[in-house]
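Colleague: I am still finding my feet with structures like this one. Could you take me on a close look at the sheet, and explain how its strands are arranged?

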Amino acid sequence: ERARRLLGAGSGSTTLDWGGKSAVQMLTVSNRDNMRINNLYFKNCGVVLDNCDGSHIKNCRFDGHAGKTWENDKKLVQVKGGSHGCLIQNLNIDWDNTSVNLNPISVNASNNCTVQDNVVTGRLEQGIVMNGATGGLIRNNQLTRDSGTPGAGAGGNIAKGEDHAIY
């Protein structure tokens, strides 16, 4: 309920911090079309839009993940479940976790979505993933993988190493 009030708060910067938890937490919004998540600071947490047509995640910052574990599939910003026509724009994601590589932005089974003007740095497995989506647009994003990111190598373990920047 608190998160619902914060998401509807409009302008201004709000911090959502789950620093007291050992695992990265996910704020999930389901079955809510035209949702606007704007100008929020996500510390130790990510966001999922599930079946939320026409929704936007814009102008948000994600960081503070050092030493956190994952209870989900390592996707920090997820659009899924038929969330058609969504926009992911102007996000700043800085992933400094030393325990696991990140898949920062994922669009799955959601058509006509746009991922643009985002800056992502850190230990990245995959940068931007569009899977099972048609009509999507990926434009003007900057993805920088830290030099210390373990790679997969020939015959290596992709799940724990690095993979494509755009997948």
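Modeller: Happy to! Let us begin with one pair of residues: Val 77 stands opposite Ile 105 in β11. The strands behind this pairing are β8, residues 75-80, and β11, residues 103-108, which run in the parallel sense and are joined over 4 bridges. Please keep in mind that this is a predicted model. In general, strands of a sheet pair through backbone hydrogen bonds, and the pairing can be parallel or antiparallel.

Now step back to the whole sheet. It is open and built from 5 strands, and reading across it you meet β2, β5, β8, β11 and β14, with parallel pairing. What stands at the edges of the sheet? Those places belong to β2 (25-30) and β14 (128-131). Each has a single partner strand, so one side of each is left without a neighbour in the sheet. From one strand to the next, the twist averages 15°.

Finally, here are two other spots to find on your screen. Strand β12, residues 114-116, contains Gln 116. Is Gln 116 buried or exposed? Its relative accessibility is 11%, so Gln 116 counts as buried, the cut-off being under 20%. Leaving aside neighbours within four places in sequence, Gln 116 is in contact with several residues, including Leu 87, Ile 88 and Arg 139. The other spot is a salt bridge between the side chains of Arg 61 and Asp 63, at 2.9 Å from N to O. Arg 61 is partly exposed at 40% relative accessible area, whereas Asp 63 counts as buried at 13%.

Technical notes. Residues are numbered from 1 along each chain as its sequence is written. This is a predicted model: local features need pLDDT of at least 70, side-chain atom pairs count only at pLDDT 80 or more; totals for chains, interfaces and linings use all residues. Side-chain values use heavy atoms; hydrogens and water are left out. A salt bridge is a side-chain nitrogen of Lys or Arg within 4 Å of a carboxyl oxygen of Asp or Glu. Buried means under 20% relative accessible area, exposed over 50%, partly exposed in between (1.4 Å probe, protein chains only). Two strands pair if DSSP finds at least two bridges between them. Helices (H or I, at least four residues) and strands (E, at least two) are DSSP runs, numbered from the N terminus. Axes are lines fitted to C-alpha atoms, for helices over the stretch in contact, and angles run from 0 to 180 degrees between N-to-C directions. Contact means heavy atoms within 4.5 Å.
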